[in-house]
Amino acid sequence: MADMATLVVDGQSIELPVVEGSEGERAIDIRKLRSETGIITLDPGFANSGACRSAITFIDGEKGILRYRGIPIEELAEHSSFLEVAYLLIYGQLPSGSEFDSFAGSITSHTMLHEDFKRFFGALPKDAHPMAACSAAVGALSAFYPDSLDPRDPRQIEISVHRLIAKMITMAAYAYKHSIGQPFMYPQNDQSYVANFLQMMFSNPCEKFELDPVVEKAVDLLLILHADHEQNCSTSTVRLVGSSMVNLFSAVSSGISALWGPSHGGANQKVIEMLEEIRDEGITAREFVERAKKADTTDRLMGFGHRVYKNFDPRMKIIKKACFDVLENLGVRTKLLEIAVELEEIALKDDYFVERKLYPNVDFYSGVIYNAIGTPANMFTAMFATGRLPGWIAQWMELHEDPDFKIGRPRQIYTGKQVNHYVPLDQRR
Ligand code: CMC
C-alpha cells in the first residue's frame, strides 16, 4: 500500500498518494487536488514540482551524481563516445557492435543538407548569432521533410531522429561559415561524427585540413557531458511544446531557443566574455567576485551556481581536468585559464558563495577548452545544443510513450483587475 500524505485545507482533509522513484525520490501526487478541493499549487520556477516520471537521467544534486540510463557520467566520459551515448539515451541501453554500426552508418548517411539550405543561411544577416540560425534551421527541417512529422509513427520518428542528429552538425557549421563569410564545406562521410563537424567548421577549400586527435577527443567529451540533464529549462521546453503533438523538429527548435539564454546554455559564451573582460580591463579576479556579489541576474559570476547541484557539478570536475590536459597537449598557455582558476579559488572560499551553495558548473571551464581549440565564443552554445540533442530526443520520445501523456497546461493565480467594463474610445480620459 502506497504512503499517503494528508493535506488539510479549510477544515477539509484530503489524502494524496506519495509516489517513489527507483532511487528513492519521493513526490506527492496532486492530480486530484483541484477536482476535490478547488485549490491548485503555486511553485514559481517549478523548483518543487515534478512534471513527469522519467527513466533516462538520474541526478542527485546533493551528492553530485549524474547517470545516463544508470551509467555514471564518469564511466561514459572515460570509455564511451558521443554517438554511443546518443544511442544509449535514445534507445535505453548501450548498443551491440552491429547496432552501433547500423546507427552510426545511418547518421553518417544523412549529414548532407538540402541544397536550398545554402540560400536559407545566405538570407540571414552576416552577424546572425549561430543559435538564432540553428533554431531557425532545425525548425525549417519540418518544412523540408513534411513526410515524416507524425510524432506517433515509429518509422517517421526513426527517420526524423537520425536526420536531426546527422544534420545538426552541418547546420551548426554552416551557421558559423556564414558568419565569417567562408564557403560552406560539405560533410565528409568517411569521418567520425565529431571529426566531420570540426572539418566542416574549420576547413576551407584552399588548404589541406588536418584535425588534431586531441581536439577531436576533447569535443567528443564535451558533447557526452552535455548529452542530457533531465528536466532542465530547454528539455522542459521540448516536452511542453512536444505535448501539443507538434513534430520533433519544431519541439527541438524551441529547445534550442531556450538553451540560448545566459542563465542556461548561453552561460558558456558569457563565461569566456567575463574572463576576457577581466583580462582586457585589468580588473582583478577578487574585484570581479565582489562585483558579482552585488549583481543582478544579468551580471552574475557566470558559470557558477545551479538549481540542482548544491555540492559540486560532476561534469565540471571532468571538464576541468580535460581543460588542463587539452591545453597541455596542445602546448597552449592561456591567461583565461589562469583567471578562471583564480576566480574559482576565490569564490569557493567566499562566504557569499559558500552560504548559497554556489559552485562552478559545467559551463565554467568548457569555454576555455573551446577557446583554446579555436572555436569562436558565439559558437559555444551551438556546440552545447549539438551535445544536448540526444537528450531532447530521448525525452521527447519518452513523453509520447508515457501512459500519463497530456498536453502541458499549467494553471495560474490571477492577480489582475476584477470585472472591468469596456469604455468606448470617446469616453476615455
Ligand atoms: N553569481 C552571483 N550570485 C549568484 C549566482 C552567480 N552565478 N547564482 C546564484 N546567485 C545568488 C542569487 O543572487 C541568489 O542570491 P539571494 O538569495 O541573495 O537573492 C541566490 O544565489 C540563489 O540564486 P537563484 O537565482 O535563486 O538560484 P536558481 O537556482 O534560481 O538559479 C542559476 C540557478 C544557474 C540560474 C544561477 O545560479 C545563475 O544565474 N548562474 C549563472 C549562470 C550560469 O552559469 N548558468 C549555467 C547553469 S549550468 C548549465 C545548464 O543550464 O545546464
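Arginine 315 is buried in this predicted model. Its relative accessible area is 2%, which falls under the 20% cut-off for burial. The residue lies in helix 14, residues 314–330. Its side chain makes a polar contact of 2.9 Å with the side chain of aspartate 313. Beyond four places in sequence, arginine 315 touches Leu66, Leu225, His229, His306, Tyr309, Val362 and Arg388.

Helix 14 itself has 17 residues. From first C-alpha to last, helix 14 reaches 25 Å, close to the 24 Å expected at 1.5 Å a residue. Arg315 is one of its buried residues, along with Pro314, Met316, Ile318, Ile319, Ala322, Cys323, Val326 and Leu327. These buried residues pack against several elements. One is a strand, strand 5. The others are helix 2 (73–79), helix 9 (213–226), helix 15 (335–349), helix 17 (363–372) and helix 18. Just after helix 14, glycine 331 takes a positive phi of about 65°.

Helix 18 covers residues 380–401. At 1.5 Å a residue, its 22 residues should span 32 Å, and the end C-alpha atoms are indeed 32 Å apart. Helix 18 nevertheless bends by about 45° at arginine 388. A proline, proline 390, follows within four residues of that point. Arg388 is also among the residues touched by arginine 315. Helix 18 is mostly covered, with 21 of its 22 residues buried.

The ligand is surrounded by 19 residues. The closest are His264, Arg300, Leu301, Gly303 and Phe304. A polar side-chain atom of histidine 264 lies 2.5 Å from an oxygen atom of the ligand. Arginine 356 places a side-chain N or O atom 3.0 Å from a ligand oxygen atom. For tyrosine 352, an N or O atom of the side chain is 2.9 Å from a nitrogen atom of the ligand. On its own, the ligand has 940 Å² of accessible area, and the protein covers 74% of it.

Histidine 162 lies in helix 7, residues 154–180. It counts as buried because its relative accessibility is 6%. Its side chain is joined to that of tyrosine 91 by a polar contact of 3.1 Å. Tyr91 also appears among the contacts of histidine 162 beyond four places in sequence. The others in that set are Phe103, Ser106, Ile107 and His110.

Two further helix residues are partly exposed, valine 241 and arginine 286. Valine 241 is found in helix 10, residues 233–242. Its relative accessibility is 27%, so it counts as partly exposed. Leaving out residues up to four places away in sequence, valine 241 touches Val246, Ser250, Ala251 and Ser254. Tryptophan 392 is 151 residues from valine 241 along the chain, yet the two C-alpha atoms are separated by 12 Å.

Arginine 286 lies in helix 13, residues 285–294. With 45% relative accessibility, arginine 286 counts as partly exposed. Outside its neighbours within four places in sequence, arginine 286 is in contact with Ile346 and Asp350. Proline 403 is 117 residues away from arginine 286 along the chain. The C-alpha atoms of this pair are separated by 52 Å.

Positive phi values also occur in loops. Aspartate 10 has a phi near 50°, a positive value in a residue other than glycine. Its place is in the loop between strand 1 (4–9) and strand 2 (12–20). Aspartate 10 counts as exposed because its relative accessibility is 78%. Arginine 69, again a residue other than glycine, has a positive phi near 50°. Arginine 69 is found in the loop between strand 5 (65–68) and strand 6 (71–72). At 24% relative accessibility, arginine 69 counts as partly exposed.

Terms used:
Residues numbered from 1 in each chain as written. Predicted model: local features only at pLDDT ≥ 70, side-chain atom pairs only at ≥ 80, totals over all residues. Heavy atoms only, no water. Helix = DSSP H or I, 4+ residues; strand = E, 2+ residues; numbered from the N terminus. Buried < 20%, exposed > 50% of the residue type's maximum accessible area, 1.4 Å probe, protein only. Contact = heavy atoms within 4.5 Å. Expected span 1.5 Å × (residues − 1). Bend = angle between axes of the 7 residues up to and from the residue. Near = heavy atom within 4 Å. Polar contact = N/O pair within 3.5 Å; in protein donor to acceptor, adjacent residues only side chain to side chain. Areas by Shrake-Rupley, 256 points an atom, 1.4 Å probe, with all protein chains shown as cover.
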